[in-house]
Structures are given as structure tokens and as C-alpha cells.
Amino acid sequence: QGEAAADPTESPCHRRQLFAGFRSDVGPNYEITNKVKDKVRALAESGDVFAQDDLGHMYYLGLGVERSYEKAAEWYRKAAEQGYAEAQDRLGDIYSGGEGVEQSYEKAVEWHRKAAEQGYAKAQNQLGVMYAVGKGVEQSYEKAVEWYRKAAEQGYDWAEYNLGFNYYNGTGVSQNKAKARELIQKAADQGIEDAAKFLKEHSF
């Protein structure tokens, strides 16, 4: 549902708070100054994992550089190979969408799993999605629920919705509409519009 049980080929790479250490140098509308760009690149080339991920994001969104999914994938990979969970998850997204790399759900799952096993909630939810739809793995609602639960226990909104959806329908878990309502309400309270709509349109 939404970011989750929707088609993972959409490969969302979400905006985040970039360049926190250089906040005063970031212009309006994410216009990256040369000072920021040069500093991030220098740090990335020196092996700084956070800067490598930031530079990948700059290339992915075209912030201060010419947009290039190939270069984004290159820098995400450098950070991912150092074990940075956010970059591992982003690389999974990139493989799902075939952006700058040869499309591969199997590799997407591989990278999402690396991040998920580190406890990164977004990756746990996305791995649940991959199991739910059977992309890159054998389809399994039970395993989807397992990963949704891990993310939901961290308060991740889409995982709360997805887990609630499974409880409502009894897929991968025994049907429990009271539990479904509780989880979906939590997601709605965090601003997930699909969750709020589901509560209005379904009886519990």
C-alpha cells in the first residue's frame, strides 16, 4: 500500500535533510553552492561514507550537478559497500527502477536486506513489499508480515499501514480487525492519507 505494497518498480528515493553540517551554505530551493559541492565531493573522495551518500543524492536529484543516475549509483554503492544502511536502501531502490544500473529485483532485494538487517526501518518495510509482491524473492505474505512488523515496531508509518492491512485481510497473519484498526490509525495519525481513507471506507 502506498510507498509499500504499491509497485516497487516506482523506486522512490526520498528527499531528506541534506548537508546538515553545511546548513548555512545551502541556498533556497536546494540550490547547492560551489562551497558545499566542493566540500561534499572532497569528503566523498576521501572515503567519508556520509558525503558519498550525499554526493549520490546530489547526482540523483541534480542538486548542484548535472543529474546522472549512473553517477548516483556509483556514489551510493561506495557508501553502501562501507555498510551505510541508508545508501544500501537507496541502492536497492535504484536496482528496482533500473536507474543508472541494469534493472534487477534480485539485487534490489540483496541491498534492501543488508539495510534491513541493520535495523533500518524503511528498508525493512521495502523488503516486506518485495516479499508481498514476489519481486526478487519467492512471494510470501508471512515473510512480508515479519519485515513489516520489524519496521512498525520502530514507528515507521507505511509499515504500520501495511501490517494493519495484512491483519485486516488475514494475509500472512491471523485476521484481527481490532489490531488492524490500531495499526492503520497509527499510520493515519502520522499523515498517511491512504490509511485515513482506508479507515473511512472499511468497517472494523
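## Where α5 meets α7

Helix α5 passes helix α7 in a left-handed crossing. By class, this contact of α5 with α7 brings together 2 nonpolar, 2 polar and 3 charged residues. If you would like to find them in the model, which is a predicted one, look for Asp89, Asp93 and Ser96 on the α5 side. Their partners in α7 are Lys122, Ala123, Gln126 and Met130.

The axes of α5 and α7, the latter covering residues 121-133, come within 10 Å and cross at roughly 30°. Because angles under 35 degrees count as roughly parallel, that makes α5 roughly parallel to α7.

## The chain as a whole

Let us step back for a moment. The protein chain has 11 helices and 0 strands. Reading along the sequence, you will meet the pattern α-α-α-α-α-α-α-α-α-α-α.

The protein chain has 204 residues, and 49% of them count as buried. Contacts between residues at least 6 apart in sequence can also be sorted by separation: 51% of them join residues at least 24 apart.

## A second crossing: α3 and α5

Helix α5 (residues 85-97) also has a meeting with helix α3 (residues 49-61), where the two axes come within 10 Å and cross at roughly 30°. The pair α3 and α5 is therefore roughly parallel. The crossing of α3 and α5 is left-handed.

Which residues in α3 meet α5? They are Asp53, His57 and Tyr60, and they meet Glu86, Ala87, Arg90 and Ile94 in α5. Sorted by class, the residues of this contact divide into 3 nonpolar, 1 polar and 3 charged.

## A closer look at α3

Helix α3 is mostly covered, with 12 of its 13 residues buried. In order, the buried residues are Val49, Ala51, Gln52, Asp53, Asp54, Leu55, Gly56, His57, Met58, Tyr59, Tyr60 and Leu61. Asp53, His57 and Tyr60, which meet α5, are thus also on the list of buried residues. What covers the buried residues of α3 includes α2 (34-45), α4 (69-81) and α5.

The length of α3 can be checked with simple arithmetic. At 1.5 Å a residue, its 13 residues should span 18 Å, and the end C-alpha atoms are 19 Å apart, which agrees.

## Gln124 in helix α7

Back in helix α7, one residue to pick out is Gln124, which has its place in that helix. Is Gln124 buried or exposed? Gln124 has a relative accessible area of 5%, and because buried means under 20%, Gln124 is buried.

Leaving aside residues up to four places away in sequence, Gln124 touches Ala116, Gly119, Trp147, Lys150, Ala151 and Gln154.

## Helix α9

Helix α9 runs over residues 157-169. How many of the 13 residues of α9 are buried? The count is 11, so α9 is largely enclosed by the rest of the structure. The buried residues are Asp157, Trp158, Ala159, Glu160, Tyr161, Asn162, Leu163, Gly164, Asn166, Tyr167 and Tyr168.

The span of α9 can be checked too: at 1.5 Å a residue, its 13 residues should span 18 Å, and its end C-alpha atoms lie 19 Å apart, which agrees. After α9 comes Gly170, whose phi is positive, near 70°.

Technical notes:
Residues numbered from 1 in each chain as written. Predicted model: local features only at pLDDT ≥ 70, side-chain atom pairs only at ≥ 80, totals over all residues. Heavy atoms only, no water. Helix = DSSP H or I, 4+ residues; strand = E, 2+ residues; numbered from the N terminus. Expected span 1.5 Å × (residues − 1). Buried < 20%, exposed > 50% of the residue type's maximum accessible area, 1.4 Å probe, protein only. Axes fitted to C-alpha atoms, helices over the stretch in contact; angles between N-to-C directions. Parallel < 35°, antiparallel > 145°, perpendicular 65-115°, else oblique. Left-handed = near helix turned anticlockwise from the far one by under 90°. Contact = heavy atoms within 4.5 Å. Nonpolar A, V, L, I, M, F, W, Y, C, P; charged D, E, K, R; others polar.
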